[in-house]
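Here is a quick tour of one protein chain, written for someone who is just getting used to reading structures. Keep the 3D view open and look for each part as we come to it.

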Amino acid sequence: MRVSIFLAAGALVAGCANTSPIQPVGRDRFMIGSTVRGGFTTDAQIKSDLLERARAFCGKKEMVLESSTSGGTQGWTPQTAEVLFKCE
């Protein structure tokens, strides 16, 4: 019983994140986005997760994340973030 209560509380705190697949937007340029509901995740955490996914994506192509720009909406919920990045 305690375990199920703990898991349910954790799910509420974590919120719900939807991350888009990485999309090409030009030569070696890509975009990834995320929408998070729940209000318990900082904007920096959302963008950090997206940048980590971008680094991993470039690494699979045996390239490195060279540059990125980010944007999004801040607030209670839903929060959105987008990262535009280049692999070189």
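What follows is a short briefing, grouped by topic.

This is a predicted model, not an experimental one. The protein chain has 2 helices and 5 strands, and they come in the order α-β-β-β-α-β-β as you read along the sequence. Of the 88 residues in the chain, 18% are buried.

**How far to trust it**

- The average pLDDT of the protein chain is 81, and 82% of the residues reach at least 70.
- Be careful with residues 3-13: pLDDT stays under 50 there, and the model gives that stretch 2 contacts beyond four places in sequence.

**How the chain comes together**

- Take the contacts between residues at least 6 apart in sequence: 53% of them join residues at least 24 apart.
- Which residues make up the largest nonpolar core? There are 11 in all: Phe30, Ile32, Val36, Ile46, Leu50, Ala54, Cys58, Ala81, Val83, Phe85 and Cys87.
- Strand 3, helix 2 and strand 5 are the elements that give two or more residues to this core.
- Ala54 belongs to that core, and if you skip its neighbours within four places in sequence, Ala54 is in contact with Leu65 and Phe85.

**The disulfide**

- Searching the whole structure turns up 1 disulfide, and its partners are Cys58 and Cys87, with sulfur atoms 2.0 Å apart.
- Cys58 sits in helix 2 and Cys87 in strand 5 (residues 79-87), so this pair ties together parts that are 29 residues apart in sequence.
- Is the disulfide of Cys58 and Cys87 left-handed or right-handed? The torsion about the S-S bond is about -75 degrees, so the disulfide is left-handed.
- Cys58 has a relative accessible area of 0%, so it counts as buried, and Cys87 is buried with a value of 0% too.
- Cys16, by contrast, is partly exposed, with a relative accessible area of 42%.
- Have a look at Gly59 as well, which is in helix 2: its C-alpha atom is 8.6 Å from that of Cys87, although the two residues are 28 apart along the chain.
- Gly59 is partly exposed, at 41% relative accessible area.

**Aromatic rings**

- A pair of aromatic rings is described by how far apart the centres are and by the angle of the planes.
- The structure holds 3 aromatic pairs.
- One of them joins Phe30 and Phe57, which meet edge-to-face, with 4.8 Å centre to centre and 70 degrees between the planes.
- Phe30 is in strand 3 and Phe57 is in helix 2, so the pair ties together parts that are 27 residues apart in sequence.
- Phe30 counts as buried because its relative accessibility is 8%, under the 20% cut-off.
- Phe57 is partly exposed, with a relative accessible area of 23%.
- Add Phe85 to Phe30 and Phe57 and you have one aromatic cluster.

**A hairpin and its turn**

- Strand 2 (residues 23-26) pairs with strand 3 (residues 29-37) in the antiparallel sense, over 3 bridges.
- Within that pairing, Pro24 stands opposite Phe30 in strand 3.
- How many residues lie between the strands of this hairpin? There are 2 residues between strand 2 and strand 3, and Asp28 takes a positive phi there.
- Asp28 is in the loop between strand 2 and strand 3 and is partly exposed, with a relative accessible area of 25%.

**Positive phi values to spot**

- Most residues other than glycine have a negative phi.
- Asp28 has a positive phi near 55 degrees and is not a glycine.
- Glu62 is not a glycine either, and its phi is positive, about 55 degrees.
- Where is Glu62 found? Look in the loop between helix 2 (43-60) and strand 4 (65-73).
- Glu62 has a relative accessible area of 76%, which is over 50%, so it counts as exposed.
- Glu62 and Glu88 are 26 residues apart in sequence, and their C-alpha atoms are 8.8 Å apart in space.

Technical notes: Residues numbered from 1 in each chain as written. Predicted model: local features only at pLDDT ≥ 70, side-chain atom pairs only at ≥ 80, totals over all residues. Heavy atoms only, no water. Helix = DSSP H or I, 4+ residues; strand = E, 2+ residues; numbered from the N terminus. Buried < 20%, exposed > 50% of the residue type's maximum accessible area, 1.4 Å probe, protein only. Pairing = 2+ DSSP bridges. pLDDT = per-residue confidence, 0-100. Contact = heavy atoms within 4.5 Å. Phe/Tyr/Trp six-rings, centres within 6.5 Å; stacked < 30°, edge-to-face > 60°. Disulfide = S-S within 2.5 Å. Core = buried A, V, L, I, M, F, W, Y, C linked by side-chain atoms within 4.5 Å.
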